[in-house]
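Q: I would like a close look at one part of this protein. Please take me through the place where its two domains meet.

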Amino acid sequence: MNHFEYGPEGLTCEGVPLARIAAEVGTPVYVYSRATLERHFTVFRDALELAGVADPLIAYAVKANSNVAVLKVLGELGAGADTVSEGEVRRALAAGIPAERIVFSGVGKARREIEFALQAGVAEINVESEPELNLIAAVAAELGVRAKVAFRVNPDVAAGGHAKIATGKAENKFGVSFAEAARLYANASNHAALEPVGVACHIGSQITELAPMRAAFSKMRGLVEQLLGEGLSVERLDLGGGLGVPYFNHPEPPSPADFAAMVGEVTAGLPVRLAFEPGRVIAANAGVLVSEVIHIHARPEGRKFLVIDAAMNDLVRPAMYDAFHDIRPLTRRDGEAVYDVVGPVCETGDTFTRDRALPPLAAGDLVAFMSAGAYGAAMASEYNTRPLVPEVLVDGDRFAVIRARPTYDEMLARDLVPDWV
Ligand SMILES: *Cc1c(COP(=O)(O)O)cnc(C)c1O
């Protein structure tokens, strides 16, 4: 459920017509619903509680939507943060999320990032390889601290809505094998600068079936039992993110309730605290991208291009993952026309969709890309020197710009021309 619905003034976010935001802030613009973000987080948390999962750490995956205002909304509900860079750790801290709720993941953490995370006192660093473990140990020893580490295991399970977002097969770059995890865990337990706190997995994104998650989580349970059986201390089992959301053309994903029930079953009686890293399921349907039709270019042979002012640099998912986004005109209307919806960027890949049946549109009309709250603004760039797309947060009948569109002067001032040019 989300708070984007048609009202008397067209498509509306909570109490604010999207057309009003477009008029005041300009287009393209991302608009997020606070009530929807809060609802998604609460539904996820309550489902786990109902399934008997006691006091889970729900570390929202910052990379899905990393705006500090969004992080603050979730942090105030008790969310932690799953981060993959120093920048994301800094964002989470800036949003008031305490370090003891921050998980630092990622395949290639640089030495200075590890230093920063250790100094900040994050809850755990998820280790992805043996060389990384050695680096963390060295940095922790230099700083005179004990690094809390969890081992990210690659459970060798296929899952995820697209090859580019499947992360849990042995051929993917993420994590260590079960055998390696057990060996490294035991070694780390004897290292003065390391404190192993648990094990972690994350098998992919936009997962629409429970079976691969159940398979992976069962294997993780086996690993925890093995480590405990060896007399090692295991406090946490981090089951990652990846739960899919409805994108209209995808299979209906399991509900948070079904997901939680499965987790409850698989982990019943296991004496560890569970952690989760949901991103998309919290943020995707809490945001839209609003864009204006620049013109319609009808080719004599029949193809109609709907040229809009948003482009692949603002929303890259269709170009990168062949992702589907429902597109709705802000003003409801009857009839149907078939369009290729394209942006102004000089790339054929800057095509949001082909042969899409939409209500008939004209220059100046506004449209919304639905389900754009996750991996939208966070992946935006200024390619083609297009100003970074702004973001707006709605709360009831008020709204605020939470990231402003940069001016051209600001953009150009970042380039420095040496005096020898
Ligand atoms: C991307 C990512 C997530 C979030 O994935 P979603 O599909 O958005 O839930 C969680 N954990 C890790 C380690 C990730 O890389």
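How many salt bridges are there between domain 1 and domain 2?

A: The count is 1 salt bridge between domain 1 and domain 2. Keep in mind that this is a predicted model. The side chains of Asp-395 and Arg-34 form a salt bridge, at 3.5 Å from N to O. Polar contacts between the two domains come to 9 residue pairs, with both residues at pLDDT 80 or more.

Which elements does domain 1 bring to this side? Helix 11 (317-321), strand 19 (391-395) and strand 20 (398-403) each give at least two residues to the side that touches domain 2. Strand 19 gives the most, with 4 residues. Sorted by class, this side of domain 1 holds 12 nonpolar, 5 polar and 8 charged residues.

Now step back to the domains themselves. The domain assignment splits the protein into domain 1 (4-32 + 284-413) and domain 2 (34-281). Domain 1 is therefore written as two stretches of the chain, by a domain assignment that is automatic or from a database. Between the centres of the two domains, taken over C-alpha atoms, lie 32 Å.

Next, the contact itself. On the domain 1 side, 25 residues are in contact with 23 residues of domain 2. Together the two domains bury about 2100 Å², and 57% of that is on carbon and sulfur atoms. Three residues stand out here: Tyr-321, Phe-324 and Tyr-375 supply 28% of the area that domain 1 buries against domain 2, more than any other three residues.

Note on methods. Residues are numbered from 1 along each chain as its sequence is written. This is a predicted model: local features need pLDDT of at least 70, side-chain atom pairs count only at pLDDT 80 or more; totals for chains, interfaces and linings use all residues. Side-chain values use heavy atoms; hydrogens and water are left out. Contact means heavy atoms within 4.5 Å. Buried area is the accessible area (1.4 Å probe) that two parts lose on being put together, summed over both. A salt bridge is a side-chain nitrogen of Lys or Arg within 4 Å of a carboxyl oxygen of Asp or Glu. A polar contact is a pair of N or O atoms within 3.5 Å; within protein, one must be able to donate a hydrogen and the other to accept it, and residues adjacent in sequence count only if both atoms are side-chain atoms. Ala, Val, Leu, Ile, Met, Phe, Trp, Tyr, Cys and Pro count as nonpolar, Asp, Glu, Lys and Arg as charged, and the others, Gly among them, as polar.
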